[in-house]
Amino acid sequence: MTTRAGTRTAVRRAPPPDDHRTFGIMDELNCYFDSPAEPNNVHVEIWLPGYLDPDGLRDAVTAMLADQPRAGARRADRGWWRRGYAWEFPSQADVDPVSTACWRTHADLDLARARFLATAPPLDRSPPFRLLLARGPGRDSLILNAHHAAFDGRSCLRLLRLIADRYGVGRPGGPDRTDLFRAPSGLPGRPQPPGQQASGTRPPTNQLPGNHSPVRRFRPRVWRTARIASRHARSRRPRRAPGYGFALLGWPGVPAVPPSENEPGVTVNDLLIAALIRAIMRWNASAHRQPGRVRISMPVDVRPPGRGDELGNLTRLCTVAADPLSTAAVTAVVASQTRRAKHQSGPPVSPAQAAVARAPLPTSVKRRLVRLAVRCLGRLECDTSLLSNLGNITDAPRFGVLAPARMWFSTSAHMPRGLSVGAITVDGQLQLCFRYRNALFDAAAANDFATEYAAALAALTGTEVGP
């Protein structure tokens, strides 16, 4: 596997009059959450059934940055005693964000992805995103690495669309060759769901695990938040193992929402969250963990109407929770909470986090306070896991004649969560990316958890896991 970085920079139009913009609370906190062991970045990956021209891609990025000054923002230098951060929009990019790599096997691609996403792009150098063009047998993989302080998942999609719209413009005979339409014969059409070899019928029930037994007469009113049981080969647990791993799960299609007269408002997103709750409960039960309340973080878009294409980190986190001894259907429990979360406004962060961000202290001090709070109080206050669903993408980024064959998306998974699930649907196919902290899982354990998740999703929808 080889890697090469380019040297081009983008010269932009004159920046807008407001060439400085103060960080919002979410922007600032996402700076504090970033660390070498836990890069706070957003990952979007596109598998293309052919090859892109690296120079054409760089030209497209240069043109996009020239038209979109905010996409090339950087953090202004205000000295070490600064109480907050601000974005500035330089007229020229500091670095070329495009690099290239070659791979021969999927293991090589996995290694290239992990290395590329091992650090978040530095905010002090424009632009706050990087692109890796990974060329393999018969196809390219284009991987975006964006800092979460500058972009959320929807902004990353918008960024790739802007680049794709400019790719190949004015380049006759360049990338738009009809032979690029043909998918390579030696590659599978899509990754198959883990656990597809498991045959036999699964009960099409959406009850929480353990509900087949009588409900205890006395049950505790307060549950501790469940933590995902760690698993590594030979029972090793490298607590300080830095970085993330990635497990990809391709689903045969969009999961079918089971009909229900009592709970008509269940969505695909509700099913995905419910399956994650069931998978965590089953996983912990197999590890002989005491049952706990499973809490799933769910990002909600807060962009005002008419500004859906705005770049930035414009989401707030809501929590969906389920008790282990609840007798209600898990999909109904999830659906009732997600409906309230989507229709009720609320602060983007907790009052404690907002107080730290607004405190009249140097940013270096506030960063240490946030990191200390995560280490000391995280196991008590942090949710169990996170699921972020970008939904059905009807206008996927198209590079000339090349339309995405597959797309993957994930966001950071800080400990004690240690796991996040990113979902995206393209051409009626659901793709799931399990991003896990190496301190929580090794690669084998992550694949086992993805298998457990696939089984839980199949049970909720009354379908079988298979091609």
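**A walk through one chain**

Okay, let's start with one residue: Leu369 is partly exposed, with a relative accessible area of 39%. On that scale, buried means under 20% relative accessible area, exposed means over 50%, and partly exposed is what falls in between, using a 1.4 Å probe and counting protein chains only.

Before I go on, a word on what we're looking at. This is a predicted model, so local features need a pLDDT of at least 70 and side-chain atom pairs count only at pLDDT 80 or more, while totals for chains, interfaces and linings use all residues. Residues are numbered from 1 along each chain as its sequence is written, and side-chain values use heavy atoms, with hydrogens and water left out.

Back to Leu369, then. You'll find Leu369 in helix α8, residues 363-381. Helices here are DSSP runs of H or I with at least four residues, strands are E runs of at least two, and both are numbered from the N terminus. Leu369 joins Leu361 and Val365 in a nonpolar surface patch, and together they have about 200 Å² of accessible area. To be in a patch, a residue needs over 30% relative accessible area and no salt bridge; like charges are joined within 9 Å, and nonpolar side chains (Val, Leu, Ile, Met, Phe, Trp, Tyr) within 5 Å. The areas come from the Shrake-Rupley method with a 1.4 Å probe, and for residues only the protein chains shown count as cover.

Let's zoom out. The chain has nine helices and 15 strands. Of its 467 residues, 54% count as buried. The chain exposes about 21300 Å², and carbon and sulfur atoms supply 52% of that. Now take contacts, meaning heavy atoms within 4.5 Å. Among those between residues at least 6 apart in sequence, 81% join residues at least 24 apart.

Next, a sheet. Six strands make an open sheet with mixed pairing, in the order β9-β15-β14-β12-β10-β11. At the edges sit β9 (244-250) and β11 (315-322), each pairing on one side only. From one strand to the next, the twist averages 25°. Strands pair if DSSP finds at least two bridges between them; β9 and β15 (residues 429-437) have seven, in the antiparallel sense. Within that pairing, Phe246 has Arg435 in β15 as its bridge partner.

Now for salt bridges. Side chains of opposite charge can pair when their charged atoms come close. Here the cut-off is a side-chain nitrogen of Lys or Arg within 4 Å of a carboxyl oxygen of Asp or Glu. The count comes to 20.

Which side chain does Arg437 meet in a salt bridge? That would be Glu38, at 3.0 Å from N to O. Arg437 lies in strand β15 and Glu38 in the loop between α1 (25-33) and β3 (41-48), so this pair ties together parts 399 residues apart in sequence. Arg437 is buried at 5% relative accessible area, and Glu38 is buried at 6%.

Another one is Arg75 with Asp124, at 2.9 Å from N to O. Is Arg75 buried or exposed? Arg75 counts as buried, at 15% relative accessibility, whereas Asp124 is partly exposed at 44%.

Last, Arg303 forms a salt bridge with Asp301, their closest N and O atoms being 2.8 Å apart. Salt bridges that share partners join these two with Asp152 and Arg154 into one network. Arg303 is buried at 10%, and Asp301 is partly exposed at 34%.

That's my tour, thanks!

Notes: Axes are lines fitted to C-alpha atoms, for helices over the stretch in contact, and angles run from 0 to 180 degrees between N-to-C directions.
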